[in-house]
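Me: I would like to learn how to read the features of a structure. Can we go through one together?

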Amino acid sequence: IYGDYHYGYPFYFLSAAAVLPVRLIHGARFTDFTGLNLLLLRQLISVLPMLVACAWMVYLMTGFRKWWESAGLLVLLVSVRGIARNNIQWWHPDALSVLAVVLTLFFLNRDRLRFGRNFYFAAVACGIAAGIKLAGVFFFLAVGGYLAAGLARKALHLRHALLSGVLFILVMAGSLVLTNPVVY
């Protein structure tokens, strides 16, 4: 019903799922409950994914080894004006984009220069980030640097690095196309 899907399927699918209970309870009259719908959309699409992304970043940085350090960093992250203000005020895909970016970082970190399935999970997350708000396209330097680090540490040979880079791009492009209908 929205008719403008340039933020990709993840944003609109999750948005529809967020207001589905209102739709199921009130049927065609669910549009009469704008306040409730917007509350659900803001909380479940803007706030919750950003909190999850911030918590995941804290995990990447601290490993949750010291609870007070982790809690302090989480409070610092969620109190940044752009995070606190923007995600409370409106329904927007920024939080989902940030979550996809954080997932890309998480999977690259988890891969530890093995260039296995986590490397390609990072490509999927990167493609989703690109499909939502183009944030994933900025990873070309990070992935190039990651491949260069693999070469420098002798974790892979030049041919394997080229193949891994091309496969990363193909997986990323595939997930971008699947999650954003505007591209095709």
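Reply: The turns below take the features one by one, and the model is a predicted one.

Me: How many helices and strands does the secondary structure of the chain come to?

Reply: Begin with the list of elements. Here the chain has eight helices and zero strands, so the order from the N terminus reads α-α-α-α-α-α-α-α. This ordering rests on helices and strands being DSSP runs numbered from the N terminus.

Me: What box do the C-alpha atoms fill, and what percentage of the residues is buried?

Reply: Along the principal axes, the C-alpha atoms fill a box of roughly 60 × 45 × 25 Å. Of the 184 residues in the chain, 38% are buried. The area that the chain exposes is about 11,000 Å², with 71% of it supplied by carbon and sulfur atoms.

Me: What share of the contacts joins residues 24 or more positions apart?

Reply: Take the contacts with a separation of 6 or more; residues 24 or more positions apart account for 68% of them.

Me: Is T104 buried or exposed, and which residues does T104 touch?

Reply: Relative accessibility is read against a cut-off: buried means under 20%. T104, in helix α5 (residues 94-111), has 0% relative accessibility and therefore counts as buried. Leaving out residues up to four places away in sequence, T104 touches A122, A125, C126 and F139.

Me: C126 is a cysteine. How many disulfides does a search of the whole structure find?

Reply: A disulfide is a covalent bond between the sulfur atoms of two cysteines. The search finds zero disulfides here. The sulfur of C54 has its closest cysteine sulfur in C126, 19 Å away, which is too far for a bond. C126 is likewise in no disulfide, as the nearest cysteine sulfur is that of C54. C126 is buried because its relative accessible area is 0%, and C54 counts as buried because its relative accessibility is 4%.

Me: Which residues other than glycine have a positive phi?

Reply: Look at the backbone angle together with the residue type. F64 is one of them, with phi near 55°, and L113 is another, with phi of about 60°. F64 is found in the loop between α2 (34-62) and α3 (67-78), while L113 is found in the loop between α5 and α6 (117-133).

Me: Are F64 and L113 buried or partly exposed?

Reply: F64 has a relative accessible area of 46%, so F64 is partly exposed. L113 has 14% relative accessibility, so L113 counts as buried.

Me: How many aromatic pairs are there, and how is the geometry of one read?

Reply: The search of the whole structure finds twelve aromatic pairs. In the pair of F106 and F107, the ring centres are 5.3 Å apart and the planes are at 65°, so the pair is edge-to-face. The cut-off behind that label is an angle over 60 degrees between the planes. F106 and F107 are both buried. Elsewhere, ring pairs link F115, F119, Y120, Y146 and F168 into a cluster.

Me: Which residues form a nonpolar patch on the surface?

Reply: The patch consists of L163, V166, L167 and L170, which together have about 360 Å² of accessible area. V166 lies in helix α8 (residues 158-179). With 48% relative accessibility, V166 counts as partly exposed, because that class lies between the buried and exposed cut-offs of 20% and 50%.

Technical notes:
Residues are numbered from 1 along each chain as its sequence is written. This is a predicted model: local features need pLDDT of at least 70, side-chain atom pairs count only at pLDDT 80 or more; totals for chains, interfaces and linings use all residues. Side-chain values use heavy atoms; hydrogens and water are left out. Patches are made of residues with over 30% relative accessible area and no salt bridge: like charges are joined within 9 Å, nonpolar side chains (Val, Leu, Ile, Met, Phe, Trp, Tyr) within 5 Å. Accessible areas come from the Shrake-Rupley method with a 1.4 Å probe; for residues, only the protein chains shown count as cover. A salt bridge is a side-chain nitrogen of Lys or Arg within 4 Å of a carboxyl oxygen of Asp or Glu. Helices (H or I, at least four residues) and strands (E, at least two) are DSSP runs, numbered from the N terminus. Buried means under 20% relative accessible area, exposed over 50%, partly exposed in between (1.4 Å probe, protein chains only). Contact means heavy atoms within 4.5 Å. A disulfide is a pair of cysteine sulfur atoms within 2.5 Å. Rings of Phe, Tyr and Trp (its six-membered ring) pair if their centres lie within 6.5 Å; planes under 30 degrees apart count as stacked, over 60 as edge-to-face and the rest as tilted.
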